[in-house]
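Visitor: Please pick one part of this model and take me through it slowly, starting from a single residue and working outwards. I would like to see how the neighbouring elements fit around it.

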Amino acid sequence: MASLPPFIRRRFLSTTTTTNVSKKWAVKEVTKSNFSESLEEFKDHLSSSDFVAVSLQKTGSYRAPWHRPRPFDTADTSYCKAKYAAERFQLLQFAACPFTLRASKLTPYPYNFVLFPRDELKMGMPTYSFSVQPSHLTSMAEEGFDFNACIYNGISYLSRAQESAAKARMGNPTTSSYVMSSSSTHTVADTVFVERIKSRVKHWKSACKNTKKDNALLSSLRKIVMGSEIYGTRPCMNLDVCSERQVQLALEMLKEFSDELVPLIIPAKGGGTQAVRVVLTSSTADKDLFERELQNLEEEQNKRVRGFREVIDLISASQKPVVSHNSLNDFTVIHSEFLSPLPTNVDEFMGSLHSVFPHILDVNHLMKNIGPLRKMTNIPAAISYLNNHYFAPIDMEILPQESEGNIHRHNVVKMCYLFAKLCSILKISDNAMVSNNALLAPAIKEYSNISNPCFDSPQESTNEDIRVWTKNMRKVSCDQLVFLWGFRSGMTAGMIKSLLCKSHAVFSEEFDVRLVDKSCAIVVFWRRGLSETFLDAMSSEEICESLMEIVSEGLRASSYETYKRACRLGLWEADLAESLDKALEDSDYLMEANSATNSKEIYWSSDSAINFDDL
Amino acid sequence: MKKRRRRRYHFIFYLGSKTLCINPRGPKAQANAQKMNTHRPARALSRAISRALSHSSSSSSSVQQQSSTFPLKNVTKSNFEPALADLRRHVAAADFVAIDLEMTGITSAPWRDSLEFDRADVCYLKVKDSAEKFAVLQFGVCPFRWDSSKRSFIAHPHNFYIFPRQELPVAGPTYEFLCQTTSIDFLAKYQFDFNVCIHEGISYLSRGQESEALRRLSLTFDDELLTRCSNLKEPVHMPVVKIADTLFAERMKNTFTEWRDGLLNLRSSNGGFQFQQNSNDSQQLQTIFFKMRPALSLKGFTSHQLRLIQMVNGEKSCQQQLVVRTDSEDDRDLLLKEVKDEHRREAEVKVQAAVGFRHVIDLLSSEQKLIVGHNCFLDIAHIYNKFLGPLPSTAEEFVSAVNKYFPHIIDTKVLLNTDNVLQQRMKKSRTSLSSAFALLCPQIALGKKSTDSEVQLCVKVEVQVDDLRSSNWNSGAKHEAGYDAFMTGCVFAQTCSHLGIDFQACLSSEKLPHNEKLQKQINLLYLSWSNGDIIDLTTGKKKAMSSGYNNHKKRYAQIMFENIALIWGFPSKLKARDIRECITKVFGPTSVTTVYHLDETAVFIQFSKEKFVSEFLALKETLERSDGPVSVLHPLTGLLEGGSTRAANYETYKEICSSASAKVLFADQAEAVGIKWKTKLVESKEASETLKREIFDEKSDMNPASKPEKLRSNTDNAQDDPLRGRLSHYKIIDTLITSEGDRIRTN
């Protein structure tokens with residue numbers, strides 16, 4: 001830094017000074033250095049709030065246009081897409097904002113946790129490597145993101161799955177959790193083992209008590225002979241075990257000495273138990289003291305291992321509804337970074353997620369209930385639209401201005417504000433909010449639906465508002481869609497449509513063509529069954545003349561199933577055409593039953609749906 | 001007269017941004033001025049410091065007691081151009097140039113780390129994978145010049161911050177690179193400034209990318225000219241429905257006729273300009289000269305009005321700002337060509353600017369100077385991949401291509417480890433850059449006053465950064481590319497002097513690369529340090545390390561790759577010991593030479609005989625097919641537990657290494673590569689030969705390096721190609737998501 005031209009330095013310094021303006025909602029920046037005290041504060045705010053809003057900042061978004069969720073995606077395919085992005089890019093910033101909303105008064109307590117997956121335990125966790133999009137970083141830099149603060153001082157973390165793996169590998173002794181089915185019969189070998197270690201322990205114990213005034217040589221000799229060691233300030237001894245059975249036997253035996261001896265379990269390096277360590281305490285009081293010490297030690301260690309994940313655990317434990325702007329993207333990231341690796345299909349994911357976050361509210365989904373907002377993905381734009389078109393005053397101090405340093409950190413506050421407005425406009429009743437415990441009245445429950453990454457859920461809603469926008473959506477079943485590729489590059493949807501019109505009889509009926517990306521188009525047959533006719537015609541031996549011409553030019557067509565297969569197999573080529581070709585090559589899946597497809601319905605919007613992805 | 005009447009007057013609508021054409025130098029010149037302004041305070045300051053310092057340094061320069069610390073030359077995009085100009089001078093005068101790179105990572109997965117079990121071709125695949133996946137964030141260049149009057153080297157350490165920003169909007173997937181968490185953390189430990197890198201890093205285009213961009217440019221312009229001409233020939237009619245439109249069109253028609261007539265009068269009469277404009281028009285229409293031709297610039301019309309105007313003139317276009325009068329069809333074509341050329345030049349300037357940091361590489365290549373690096377095979381691979389083009393699939397091709405660009409490369413690590421004299425001097429100390437530097441150049445490394453005997457041996461190095469000079473410089477910023485390059489250069493200079501090269505005598509007469517004392521080591525690089533394989537850049541031949549030091553590292557004296565079986569996906573509780581036990585029970589106690597863990601999911605088993613490999617694989621296959629009592633009791637069953645144990649020979653390892661995906665665990669990687677079989681049988685030597693060839697063929701197909709090429713050719717005439725989209729706005733982007741187009745266009 002010192003070597004920099006001064007004007008650069010000035011610029012970076014300025015970001016830190018402007019954000020220190022004290023306002024009620026001033027975002028609290030949390031890094032490694034102030035994490036533990038902030039965590040306490042956050043805990044208090046969380047417990048007194050009604051909701052918690054979260055907003056994430058990652059190192060990239062989508063690599064190619066078709067990788068982002070599109071209107072024609074089912075829950076399955078959009079989950080695959082979100083999973084692909086979540087697994088590659090790294091989370092650098094987690095904004096969490098507990099807030100209360102009472103009688104249109106919004107009180108947010110925004111926190112901004114800066115994260116970096118530093119390998120604190122030197123175990124290659126939480127992340128060995130991650131992908132980065134320079135273009136994404138550049139725009140983050142323009143918004144004032146401080147990468148040095150993030151990389152130097154970001155808080156590290158381990159997911160729940162990683163934590164247990166790490167604990168096993170660290171091999172720190174843990175207090176025993178001894179539950180023995182006492183009825184189990186001892187074999188001869190068991191009895192021999194128990195007797196042997198019992199006599200050893202007895203011998204060692206009495207020796208320890210009698211040798212207070214031994215000289216150094218003798219005590220070190222004894223150490224060698226009896227395998228006696230010192231644990232902290234207390235003498236201890238290790239009993240080697242060969243199986244879990246022996247662990248249980250040893251623990252059972254040690255119950256006899258439970259007034260003075262504390263057994264600890266020493267895990268082996270790849271799981272299992274290496275030994276049982278017996279620690280001798282001088283009295284019952286000392287034993288209690290020792291057990292407390294152990295507990296504190298464990299807590300400390302947990303804190304070190306979990307790091308930022310404490311925040312996730314707090315939110316989960318609080319059972320407060322979590323408000324997110326793009327729940328599928330955000331929660332696939334949260335799941336893979338803080339819970340466990342993402343499961344392969346969306347149902348498992350939902351199940352797993354639901355057990356940790358039972359209530360998730362998607363602002364994007366709420367916005368879909370207000371017709372013109374359906375296409376809006378930008379929070380400030382949505383807010384200004386609502387301000388201009390609805391009277392729904394929300395009592396909060398002025399919104400943070402764009403000019404203030406790191407823009408992203410204010411997003412979460414804006415999101416709270418937007419959420420509050422939407423609740424007020426959609427008449428998600430106040431009484432639902434006021435009563436702290438019954439947070440989710442039926443009215444709001446309707447919207448708390450993360451399964452809306454795609455368009456397969458609105459039919460369950462009976463709300464008046466929803467009909468407004470379902471009007472210009474037409475329901476399309478997956479089997480009405482056909483993917484087309486291999487056409488000359490530079491063709492527009494219109495050109496393809498007119499080309500198809502001339503090619504086959506099925507196109508005399510109503511159909512639509514849209515480009516997915518420059519390599520691939522999607523055809524919608526409004527009458528059911530025509531897609532099969534068309535696909536059969538494309539692949540049949542006696543292909544008709546007009547169709548033959550375009551097919552010989554390289555045109556390919558395939559059903560929706562191929563697309564699903566491409567997503568499922570993770571064939572994330574830059575061009576969809578390439579991926580579809582590869583999916584067709586993969587012969588193993590040709591046999592696969594496609595029972596699930598028929599039930600899937602998606603809504604074909606007559607205009608494009610835009611995904612909010614990076615703010 | 002008749003001829004004259006037949007001659008038509010052509011009106012040309014000039015497309016594109018107005019400032020671009022009317023004042024082509026406008027925005028850029030402005031930006032330059034701005035750059036100068038922002039740069040000036042920094043320069044002024046450094047000059048002030050230099051003045052203050054030069055006082056002390058000039059007095060101390062003869063005595064050389066204290067070591068001065070001033071920062072080395074940091075180059076970011078704001079001072080890149082002047083720094084490049086300086087560097088050109090320094091490199092041209094230099095005797096050798098030391099380089100060093102800081103990357104975002106080294107290995108994309110633990111099993112991609114270099115191992116003793118890497119055959120030379122696998123070594124290259126690993127280096128290739130690393131260079132393809134990770135980015136370079138800092139590039140140190142340090143030219144060294146021998147100053148015979150001072151009997152000292154003058155070094156100019158430069159530290160370039162680079163960042164692969166996509167300056168040119170390119171079609172195709174968004175560029176991504178990988179970061180290895182530990183490497184990023186390592187950089188942070190040495191105070192690497194990520195903000196400067198991301199905000200201010202210099203971007204670059206490789207030669208491949210540049211020619212691709214230029215090729216696309218010419219395509220775009222050819223297309224544009226074509227469409228424009230065809231449009232002129234068959235005017236598109238738009239039915240005028242509204243009366244208001246008719247009126248407007250009529251008036252514009254009159255205005256143009258009037259204007260044209262006015263011009264004609266002007267020419268015939270040589271008199272004053274008589275084009276009368278009413279007050280309203282004068283705001284919107286202004287006569288200017290465009291390329292020596294009279295033109296009307298249109299301002300403040302709506303796009304609908306512009307469409308009407310265009311219709312009046314019978315030509316299709318949009319967002320036009322100029323109506324130019326041309327004398328003839330030839331003249332019109334000439335004008336079109338001029339406009340096109342100008343566009344092309346503009347775009348070429350932009351491409352040139354986007355080349356950015358590659359100018360430094362081109363400079364090093366064109367000057368054909370001796371390049372000095374420390375253990376620099378990976379560095380060279382990065383340079384190739386980032387600044388030349390996709391890496392070839394084999395080490396031989398790579399090496400011969402490198403040799404063309406950089407005919408003289410010397411690796412100080414090779415130098416230190418292969419020369420017996422130096423070996424003795426280095427004793428047993430490590431040959432990492434910093435320890436070699438501390439040992440060989442103590443006067444620089446520690447800033448201590450050298451004793452007389454050492455002074456004889458020590459090569460003097462004076463450092464110059466801008467106006468600051470010191471013969472005793474130490475910025476101390478280890479693991480900063482510029483400083484590391486400086487250290488490398490110092491180590492090299494010192495080593496040369498130990499080899500008995502007298503700079504004073506030889507540098508005046510011959511070039512350093514041709515010095516006979518360096519011939520044994522020049523153009524030799526470590527393919528892999530961990531197994532000591534060396535590759536010769538001039539011949540492409542690989543050889544094991546010739547002398548001493550490294551040999552004791554080779555625990556596995558002779559690795560027979562044919563004797564190796566690869567097993568993965570076995571139960572995680574099995575350790576090397578257990579696996580060895582399983583196998584020796586079947587094949588005899590001496591059958592297994594070594595069991596080596598690739599990672600927790602995979603092992604190499606080196607058998608004592610090659611036939612064991614095929615026997616083992618065959619046995620595994622039969623055991624898995626039959627699930628009778630025999631197989632349950634078989635000693636190998638423990639290994640096969642769980643049913644997902646896979647096994648193959650060494651060639652499969654190579655195949656998996658060459659795949660582009662980056663899974664952390666080897667077993668996951670194998671799955672990602674698409675391996676579905678459980679056992680790859682190797683029947684006999686002949687069979688394995690054909691197998692090898694097959695794998696080789698397959699690989700050339702799936703070679704990831706060829707992929708970008710393929711993609712690019714697909715996207716050539718792309719609709720939403722932003723470069724083209726910017727130049728011709730009339731193409732309507734017709735995709736499902738308009739947001740996509742918006743995003744790209746605003747890029």
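**From one phenylalanine outwards**

Guide: Let's start at B:Phe357, which touches B:Phe80, B:Phe139, B:Phe160, B:Ile162, B:Ile202, B:Ser203, B:Tyr204 and B:Phe387, leaving out residues up to four places away in sequence; contact here means heavy atoms within 4.5 Å. Before going further, some ground rules: this is a predicted model, in which local features need pLDDT of at least 70 and side-chain atom pairs count only at pLDDT 80 or more, while totals for chains, interfaces and linings use all residues. Residues are numbered from 1 along each chain as its sequence is written, chains are lettered from A and ligands numbered from 1 in the order in which they are written, and side-chain values use heavy atoms, with hydrogens and water left out.

B:Phe357 is also one of the residues with the most contacts inside the largest nonpolar core, alongside B:Phe139, B:Phe160, B:Ile162, B:Phe398 and B:Ile409. That core has 50 residues. A nonpolar core is a set of buried Ala, Val, Leu, Ile, Met, Phe, Trp, Tyr and Cys residues joined through side-chain atoms within 4.5 Å. Buried means under 20% relative accessible area, exposed over 50% and partly exposed in between, with a 1.4 Å probe and protein chains only.

Which elements build this core? In chain B, at least two residues each come from the helices α4 (80-93), α5 (120-133), α13 (358-367), α14 (377-388) and α15 (395-405), and from the strands β3 (96-103), β4 (136-147) and β15 (524-528). Helices (H or I, at least four residues) and strands (E, at least two) are DSSP runs, numbered from the N terminus. α14(B) gives the largest share, with 8 residues. There is also a second, separate core of 44 residues, whose members include B:Phe144, B:Leu468, B:Met487 and B:Val491.

Now a charged residue for contrast. B:Glu210 sits in helix α8 (residues 207-233) of chain B, and its relative accessible area of 12% makes B:Glu210 buried. Its contacts, neighbours within four places in sequence aside, are B:Leu205, B:Val351, B:Gln352, B:Val355 and B:Arg358. B:Phe387, one of the residues touched by B:Phe357, lies 177 residues along the chain from B:Glu210, yet their C-alpha atoms are separated by 9.6 Å.

Two loops are worth a pause as well. Between β11 (370-373) and α14 of chain B you will find B:Asn375, which has a positive phi of about 50° without being a glycine. With 27% relative accessibility, B:Asn375 counts as partly exposed. B:Arg151, in the loop between β4 and β5 (152-155) of chain B, likewise has a positive phi of about 50° and is not a glycine.

Let's move outwards to a sheet further along chain B. This open sheet has 4 strands in the order β19-β20-β18-β21, with antiparallel pairing; two strands pair if DSSP finds at least two bridges between them. At its edges are β19 (592-599) and β21 (646-649) of chain B, each pairing on one side only. On average, neighbouring strands are turned by 20° against each other, direction ignored.

β18 (residues 564-568) of chain B runs antiparallel to β20 (residues 602-607) of chain B, joined by 5 bridges. Along that seam, B:Ile564 stands opposite B:Gln606 and B:Trp568 stands opposite B:Ala602. With β21(B), β18(B) pairs antiparallel over 4 bridges, and there B:Ala565 has B:Asn649 as its bridge partner. In a regular strand the side chains alternate between the two faces of the sheet. Here B:Ile564, B:Leu566 and B:Trp568 point one way from β18(B), B:Ala565 and B:Ile567 point the other way, and all are buried.

What packs on this sheet? Helix α24 (residues 610-625) of chain B does, touching β18, β20 and β21, and its direction makes about 155° with that of β21(B). Helix α27 (residues 650-657) of chain B packs on the sheet too, touching β18, β19, β20 and β21, with its direction at about 100° to that of β21(B). Axes are lines fitted to C-alpha atoms, for helices over the stretch in contact, and angles run from 0 to 180 degrees between N-to-C directions.
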